[in-house]
Amino acid sequence: MPHSPSARTPLWRLIAQTLANDIISGLYPIGTRLPTEMALMKQYDVSRYTVREALDELETLGLISRKPRQGTRVIATGQETVWKVQVNPFFGTHQTRQLLGISRHICDEVTAEQTGFNIRTPILTLSYLTLETDGTLISYTNSWMRDTARDIVPILTQNTDLSVIELLEHHADIRCSRIEQTFEITLANRTVADQLSIPVSTPLLLSRETFNDRRGLPLIVAHRYLHPQVNNIKLTYIP
């Protein structure tokens, strides 16, 4: 299916995002091969250069592996990650993350207001569910990451016991100088309610976490919506 060019987002990035979503959704399971470059050129009505740029992006995100004469193989979906949480006291030692979506774009005014990133900063956006090992849903998270920290993404989409700080230091050569975490009461909007399987406008706890670099600028910003029943959080409205 041909794609319409976007004035803001390069065509190769739109194709990469479409293929990433297909991988995450299970259309292309781990171990399967993506269509050939020629097939993708025909499917999206684009040049070989555009297809290769899109595949480069998926390889950078750690979702695929490309080898000569062996094709492009899916090596991760982002749904098999297990990691230690060392910052948020509401979390246990080991939990799983189910990746819902991942994309790269330029920070606009709305995102800048939400996160503190400067407008026009290249950022990566991830959304995912956090679950106990028995499948119990704990939280829904939106996370924004500065492009300079993109080297940790392939590790995030695979199994790892490293904390975010350790990933930044070991895989992106970036030192985190400060972590800020605040909590507030909010009402679940439609997206959050659908992901947590709760009614719209349900009161719940929102954890805002910001990892800053040595200049005090945000590297990663995460908004984590904690499931009220699973986390034993009781919220009472007092008029």
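**P199, T115 and a helix pair**

Colleague: Does P199 count as buried or exposed?
Modeller: This is a predicted model, and the answer rests on its coordinates. Residue P199 sits in the loop between α7 and β8 (203–212). A residue counts as exposed when its relative accessible area is over 50%. P199 has 57% relative accessibility, so the residue counts as exposed.

Colleague: Which residues does P199 touch, not counting those up to four places away in sequence?
Modeller: The distance between C-alpha atoms is one way to place the loop residue: P199 and L187, twelve residues apart along the chain, have theirs separated by 9.8 Å. With residues up to four places away left out, P199 touches A188 and A193.

Colleague: Is T115 buried or exposed?
Modeller: T115 belongs to helix α4 (residues 109–115). The cut-off for buried is under 20% relative accessible area. With a relative accessible area of 8%, T115 is therefore buried.

Colleague: Which residue has its backbone nitrogen 3.2 Å from a polar atom of the T115 side chain?
Modeller: Beyond four places in sequence, T115 is in contact with W144, P218 and V221. The backbone nitrogen that lies 3.2 Å from a polar atom of the T115 side chain is that of F117.

Colleague: How are helices α2 and α3 placed relative to each other, roughly parallel or roughly perpendicular?
Modeller: Helix α2 (residues 37–44) packs against helix α3 (residues 48–60) with the axes 9 Å apart, at an angle of about 110°. Angles of 65 to 115 degrees count as roughly perpendicular. The two helices, α2 and α3, are therefore roughly perpendicular.

Colleague: How many residues of the contact of α2 with α3 are charged?
Modeller: On the α2 side the contact is made by E37, M38, L40 and M41, and on the α3 side by R48, V51, R52 and L55. Five of the residues in this contact are nonpolar and none is polar. The number of charged ones is three.

Colleague: Where in the chain is confidence lowest?
Modeller: The mean pLDDT of the chain is 78, and 79% of its residues reach 70 or more. Over residues 80–93 pLDDT stays under 50, although the model has 54 contacts there beyond four places in sequence. Where pLDDT is low, the predicted coordinates should not be read in detail. Confidence is highest in helix α7 (residues 190–196), at 94, and lowest, at a mean of 37, in strand β3 (residues 81–84).

Colleague: What percentage of the residues of the chain count as buried?
Modeller: The chain has seven helices and nine strands. Of its 239 residues, the share that count as buried is 46%.

Definitions and conventions:
Residues are numbered from 1 along each chain as its sequence is written. This is a predicted model: local features need pLDDT of at least 70, side-chain atom pairs count only at pLDDT 80 or more; totals for chains, interfaces and linings use all residues. Side-chain values use heavy atoms; hydrogens and water are left out. pLDDT is the predictor's confidence in each residue, from 0 to 100. Helices (H or I, at least four residues) and strands (E, at least two) are DSSP runs, numbered from the N terminus. Contact means heavy atoms within 4.5 Å. Buried means under 20% relative accessible area, exposed over 50%, partly exposed in between (1.4 Å probe, protein chains only). A polar contact is a pair of N or O atoms within 3.5 Å; within protein, one must be able to donate a hydrogen and the other to accept it, and residues adjacent in sequence count only if both atoms are side-chain atoms. Axes are lines fitted to C-alpha atoms, for helices over the stretch in contact, and angles run from 0 to 180 degrees between N-to-C directions. Angles under 35 degrees count as roughly parallel, over 145 as roughly antiparallel, 65 to 115 as roughly perpendicular and the rest as oblique. Ala, Val, Leu, Ile, Met, Phe, Trp, Tyr, Cys and Pro count as nonpolar, Asp, Glu, Lys and Arg as charged, and the others, Gly among them, as polar.
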